[in-house]
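Trainee: I would like to learn how features of a protein model are read, one after another, with the criterion stated each time. Could we begin with the open spaces and then go on to strands and rings?

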Amino acid sequence: LKIFMNYKSKFSFGEWNIGFIDPSFDLLKDQKLSVNWMKHGYKTCGFADPFLYNVTDTIFEVFAEEINFYRKNACLVRLVVDRQTKVLLERKPILKLDTHLSYPFIIRNKEGVFVIPENVASGKLNIYKYDEQKNCLIFQRVLIELPLADATVVGYKDRFYLFATKKGYDNSDLYFWSADRIFGEYSPREGRLIKSDFTGSRMAGNFFCWDGRFYRFAQDCKGGYGRGIVIYRVIDLTPISYKEEEIHRIYPTDPFYRDGIHTLNINKEVTVVDGYRLRYNPFVKVIKKLR
């Protein structure tokens, strides 16, 4: 069996997809999440890192990472999904670069909708504004001159805090910065190291406020990248310190995507997650050569 599994892994490729579950935060305390996976006809790409852009009575609009099996670098797309059937109705690229893009973290304010994507290869953390008419992200400025992964911003007690990991220690070392404005000058320059552990450091989605308390979603990378999600309750957050307590862990139990889960975002109407699976393909080495 072990020989067979090693052989299968050698000739397999990873596939991500996004799914939707009941928005109730209580459900996150149940290991067996009932996920309605997006149905799409794309055979050469997968979708991950979903962030909710818009929810109506008939559709979900999601910004996500698109991983094409024939390309080395992923891009960002806007997905329109039928709310009832979970069928993908429309897919439009919103940002393509020569380097890898992921984790399209969304910020809304009176000036519009902004996105802070992960683009570690650029060596910088950039801000883009979403142009709904042109359906694209337009570069605004550099927020932090560091190669940061999965940057996530939260407003807490009249200040803004940015959490991220750094290139080279993407899965283990969590830093945070603070500013008096959401797009202000974040300090200190190199950030404050608040955690160094493969379990629960790398961000896994937006902070969530429920029943007057803030919660942080983080990845469990100890058993491999994106193996599961750890949920923490924020105890205290100041410009010089951070305290949290673990309340729950989520690991994939769905038979279709049972090899990983690493992004979770909630609003009042829906929860969106991603799932990972290994798919056997005898031609996987040819596919990798083409990439």
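Mentor: The largest pocket holds about 520 Å³ of space, where a pocket, on a 1 Å grid over the protein atoms alone, is an open set of points with protein on both sides within 12 Å along at least five of seven lines. A volume is the space filled by probe spheres set on the points, and grid points are joined across faces, edges and corners. The model is a predicted one, in which local features need pLDDT of at least 70 and side-chain atom pairs count only at pLDDT 80 or more, while totals for chains, interfaces and linings use all residues. Residues are numbered from 1 along each chain as its sequence is written, and side-chain values use heavy atoms, with hydrogens and water left out.

Trainee: Which residues lie nearest the centre of the largest pocket, and which strand gives the largest share of its lining?

Mentor: Lining residues are those with an atom within 4 Å of a point, and there are 20 of them here, with Phe105, Ile106, Ile107, Arg108 and Asn206 nearest the centre. Strands are DSSP runs of E with at least two residues, numbered from the N terminus. Strand 3 (45–55) supplies the largest share of the lining, five residues, and strand 3, strand 7 (102–109), strand 11 and strand 20 (264–266) each supply at least two.

Trainee: How does a cavity compare in its criterion, and how many cavities of 30 Å³ or more are there?

Mentor: A cavity is a set of points where a 1.4 Å probe fits but cannot get out, and the count comes to one of 30 Å³ or more. The largest cavity has a volume of about 100 Å³, and of the 14 residues that line it, Val35, Pro252, Thr253, Asp254 and Ile261 are the closest to its centre. Strand 21 (residues 271–280) gives the largest share of this lining, three residues.

Trainee: Turning to sheets, in what order do strands 7, 8, 9 and 10 stand, and which of them are at the edges?

Mentor: In general, strands of a sheet pair through backbone hydrogen bonds, either parallel or antiparallel. Two strands are taken as paired if DSSP finds at least two bridges between them. Here four strands form an open, antiparallel sheet in the order 7-8-9-10. Strand 7 and strand 10 (136–144) are the edge strands, each with a single partner strand, so one side of each is left without a neighbour in the sheet. Direction ignored, neighbouring strands of this sheet are turned by 30 degrees against each other on average, the axes being lines fitted to C-alpha atoms, with angles that run from 0 to 180 degrees between N-to-C directions. Strand 9 (residues 125–131) and strand 10 are joined in the antiparallel sense by seven bridges, and Asn126 has Val142 in strand 10 as its bridge partner.

Trainee: Is Pro104, in strand 7, buried or exposed?

Mentor: Pro104 has 0% relative accessibility and therefore counts as buried, the cut-offs being under 20% relative accessible area for buried, over 50% for exposed and partly exposed in between, with a 1.4 Å probe and protein chains only. From C-alpha to C-alpha, Pro104 lies 7.2 Å from Leu76, although the two are 28 residues apart in sequence.

Trainee: What is the strand order in the sheet that contains strand 11?

Mentor: This open sheet has four strands in the order 11-12-13-14, with antiparallel pairing. Strand 11 (148–156) and strand 14 (187–196) are at the edges with a single partner strand each, so one side of each has no neighbour in the sheet. The twist averages 25 degrees from one strand to the next. Seven bridges join strand 11 to strand 12 (residues 159–166), and Ala149 has Thr165 in strand 12 as its bridge partner.

Trainee: How many aromatic pairs are there, and how are the planes read?

Mentor: Rings of Phe, Tyr and Trp (its six-membered ring) pair if their centres lie within 6.5 Å, and planes under 30 degrees apart count as stacked, over 60 as edge-to-face and the rest as tilted. The count comes to 18 aromatic pairs. With centres 5.1 Å apart and planes at 70 degrees, Phe114 and Phe183 are an edge-to-face pair, and both residues are buried. The rings of Phe163 and Phe176, by contrast, have centres 5.7 Å apart and planes at 20 degrees, so that pair is stacked. Phe163 is in strand 12 and Phe176 in strand 13, 13 residues apart.
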